[in-house]
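Reader: Please take one part of this model and go through it closely. I would like to see how the helix packing relates to the nonpolar core.

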Amino acid sequence: MTTVHDKARAIIEEHGTRDIGRICRDRGIALLYLPLGRVRGMSNVIGGRPVIIINNRLDDFQQTVTGYHELGHVVLSHTEQSRITLSTSRIAWSLSRPLEFDADVFASHFYLPDEYILDRLEEDFSWYDITAGFGLYDSLSIARLNDFEARYSERLCELARRWNDDPDS
Ligand SMILES: [Zn+2]
């Protein structure tokens with residue numbers, strides 16, 4: 001079964017980049033940066049063309065996260081299911097929670113790639129420190145951990161062996 005994690009990795013691989021501007025251009029998605037008040041971002045299909053709007057008043061990291069979140073809605077076809085997706089507060093998100101969670105999982109692969117996590121684990125950072133540093137909330141961090149363990153079980157076993165052999169490191 002193809003998971004949201006697989007889908008995110010496939011998109012990154014397909015485009016050979018994480019650059020949202022290039023990905024949107026390649027996929028025919030209109031990408032706009034506008035002031036949206038309290039709304040973080042939105043995505044919709046207008047005249048058959050997907051449109052992503054990001055609130056340009058957010059800080060750079062939040063614009064990045066929001067852009068990937070909205071890209072997730074478009075790529076995972078949420079825009080067709082719910083016509084329009086708005087990202088505002090966590091409370092509003094709970095109204096369409098499964099779709100919002102999937103978009104968050106999708107987005108996390110772009111700003112927190114597997115390769116980055118592997119490198120940090122090699123440097124003995126804990127999973128919690130790595131994911132908390134990127135603002136991943138608990139259920140999102142656990143979803144990434146489950147996917148990570150399934151995908152990199154051998155590497156994780158090697159790391160565990162190393163930590164056991166050298167408990168002071
Ligand atoms: Zn959303």
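Author: Of the contacts in the chain between residues at least 6 apart in sequence, 55% join residues at least 24 apart. The model is a predicted one. Its chain has 169 residues, and buried residues make up 28% of them. There are 10 helices and four strands, and along the sequence they follow the pattern α-α-β-β-β-α-α-β-α-α-α-α-α-α.

The part to look at is the largest nonpolar core, which has 21 residues. Ile52, Tyr68, Leu71, Phe106 and Ala107 are the residues with the most contacts inside this core. Two or more residues each come from α1 (4-15), α2 (20-27), β3 (49-55), α3 (60-75) and α6 (97-111). Leu71 can serve as a way in: leaving aside its neighbours within four places in sequence, Leu71 is in contact with Ile20, Ile23 and Ile52.

Two of those partners, Ile20 and Ile23, lead to α2, where they are buried along with Cys24. Seen down the axis of α2, the buried residues fall within an arc of 95°, so they line one face of the helix. Gly21 and Arg22, on the other side of α2, are exposed. What do the buried residues of α2 pack against? Their packing partners are α1, β1 (30-34), β3 and α3. Of these, α1, β3 and α3 are also among the elements that give two or more residues to the core. After α2 comes Gly28, which has a positive phi, near 70°.

The remaining piece is the pair α1 and α6, both of which also give two or more residues to the core. Two packed helices are described by the angle between their axes and the distance between the axes. For α1 and α6, the axes come within 9 Å and cross at roughly 40°. Angles of 35 degrees or more but below 65 count as oblique, and α1 and α6 are therefore oblique to each other. Their crossing is right-handed. On the α1 side, the contact is made by Val4, His5, Lys7, Ala8, Arg9 and Ile12. On the α6 side, Asp102, Val105, Phe106, His109 and Phe110 take part. Phe106 thus appears in two places: in the contact between α1 and α6, and among the residues with the most contacts inside the core.

Definitions and conventions. Residues are numbered from 1 along each chain as its sequence is written. This is a predicted model: local features need pLDDT of at least 70, side-chain atom pairs count only at pLDDT 80 or more; totals for chains, interfaces and linings use all residues. A nonpolar core is a set of buried Ala, Val, Leu, Ile, Met, Phe, Trp, Tyr and Cys residues joined through C-beta atoms within 7 Å. A residue is buried if 20 or more other C-beta atoms lie within 10 Å of its own, exposed if 12 or fewer, and partly exposed in between; C-beta atoms are placed from the backbone. Two residues are in contact if their C-beta atoms, placed from the backbone, lie within 7 Å. The arc is that of the directions from the helix axis to the C-beta atoms. Axes are lines fitted to C-alpha atoms, for helices over the stretch in contact, and angles run from 0 to 180 degrees between N-to-C directions. Angles under 35 degrees count as roughly parallel, over 145 as roughly antiparallel, 65 to 115 as roughly perpendicular and the rest as oblique. A crossing is left-handed if the near helix is turned anticlockwise from the far one by less than a right angle, and right-handed if clockwise.
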